[in-house]
Amino acid sequence: MTRGKIKIEEYKTTCMGKIRASCYGLIILNNGMKEEGGLIVMNPVTRELSALPLATLFPRDESYGLGYCKNTGKLKLVQLFRDELNFIGCEILILGDNSWKMVDRPAFGLLGWFGYDPIFAIGAIRWDDNKFWVIPLPKCCGALDRIVEMGGNLGFVDAHEVLNQIDVWILRDLLDGEGWTKEFSINEGIVYGMWALCCSRISSEIIFKDNYGQLYAYDCGLQLMRKVEKNQVKFLYDHHFLLPHVNSLISWKMPVDVVD
């Protein structure tokens, strides 16, 4: 995205489905080519793709996250799910393996809705340990507040509807739940009902959306909010979520060496 304009590129493939997760240039999407469903991992740049093994359970609803384990050089896909009896569980698949592994689920009562996609930042969710834990937010979360990944760190975008101001907080160390730092505030160009969708890691822009489906890009360096032109991006306005993506040549068929 440059000066409020989006460059659109289409990756034509016969297995397109809903994108469920993204990490280091790889995307996980639903397998629409098979009746039994399942998932596909794909690198849009190299055109490499593989069907993933079916999960152990077929849940009522689920959420997926893709992360990288530095100790092993492996990519891990986590499925957090709820079954017909409202039981919440978790399975993890190491990309390249043939089966999922059940791991400890979050404590009872922590999750009530799976409507938001998980954020991969600072190596979370603790991929080496396969455990969940609670990190307090810097303040009470409002209806328009969102968590985003910002430059590899965890960001909390706090929208003050009354003050017409947006505060951006950063957490750089997951082991220190009290380590939130307010990086800056946005006071200009704010539209009522605006919330953060995602953050571009390369250009340091936060993408916002308002109640009318209009997109905005805030340049963190220039401290400038721009309206995104709607030319040829109608499909973006029909979706509630955007996922940041960076092109890479990474393959899940060999150990990954990622330099942040």
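Two strands are said to pair if DSSP finds at least two bridges between them. Strands themselves are DSSP runs (E, at least two residues), numbered from the N terminus. With these terms in hand, the predicted model can be walked through strand by strand. Because the model is predicted, local features need pLDDT of at least 70 and side-chain atom pairs count only at pLDDT 80 or more, while totals for chains, interfaces and linings use all residues. Residues are numbered from 1 along each chain as its sequence is written, and side-chain values use heavy atoms, with hydrogens and water left out.

A good place to begin is strand 15, which spans residues 215–219. Strand 15 pairs with strand 16 (residues 224–227) in the antiparallel sense, over four bridges. Within this pairing, Tyr218 faces Met225 of strand 16. Four residues lie between the two strands of this hairpin, and Gln223 takes a positive phi near 55° there. Strand 15 also pairs with strand 14 (residues 205–209), again in the antiparallel sense and over five bridges. Here Ile207 is found opposite Ala217 of strand 15. The hairpin of strand 14 and strand 15 has five residues between the strands, and in it Gly213 adopts a positive phi near 85°.

How much of strand 15 is buried? Five of its five residues are buried, so defined by a relative accessible area under 20% (exposed is over 50%, partly exposed in between; 1.4 Å probe, protein chains only). The cover extends to both faces: Leu215, Ala217 and Asp219 are buried on one side, and Tyr216 and Tyr218 on the other.

Elsewhere, four strands make up an open sheet in the order 1-2-3-4, with antiparallel pairing. Its edges are strand 1 (19–23) and strand 4 (48–51), each of which pairs on one side only. On average, neighbouring strands of this sheet are turned by 20° against each other, direction ignored; axes are lines fitted to C-alpha atoms, for helices over the stretch in contact, and angles run from 0 to 180 degrees between N-to-C directions. Strand 1 and strand 2 (residues 26–30) are joined in the antiparallel sense by four bridges, and Ile19 has Leu29 of strand 2 as its bridge partner.

Another open sheet of four strands follows the order 9-10-11-12, and its pairing is antiparallel. Strand 9 (146–150) and strand 12 (180–186) are the edge strands; each has a single partner strand, so one side of each is left without a neighbour in the sheet. Neighbouring strands of this sheet are turned by 30° against each other on average, direction ignored. Inside the sheet, strand 10 (residues 153–160) and strand 11 (residues 165–171) pair in the antiparallel sense over seven bridges, with Ala159 opposite Ile166 of strand 11.

Aromatic rings complete the picture. A search of the whole structure finds three aromatic pairs, where rings of Phe, Tyr and Trp (its six-membered ring) pair if their centres lie within 6.5 Å, and planes under 30 degrees apart count as stacked, over 60 as edge-to-face and the rest as tilted. One of these joins Tyr24 and Tyr68, whose centres are 5.8 Å apart and whose planes stand at 90°, so the pair is edge-to-face. This pair links distant parts of the chain, 44 residues apart: Tyr24 sits in the loop between strand 1 and strand 2, and Tyr68 in strand 5 (residues 61–69). Both Tyr24 and Tyr68 are buried. Phe156 and Trp180 also form an edge-to-face pair, at 6.3 Å centre to centre and 65° between the planes. Phe156 belongs to strand 10 and Trp180 to strand 12, 24 residues apart. Phe156 counts as buried at 1% relative accessibility, and Trp180 is buried with a relative accessible area of 10%.
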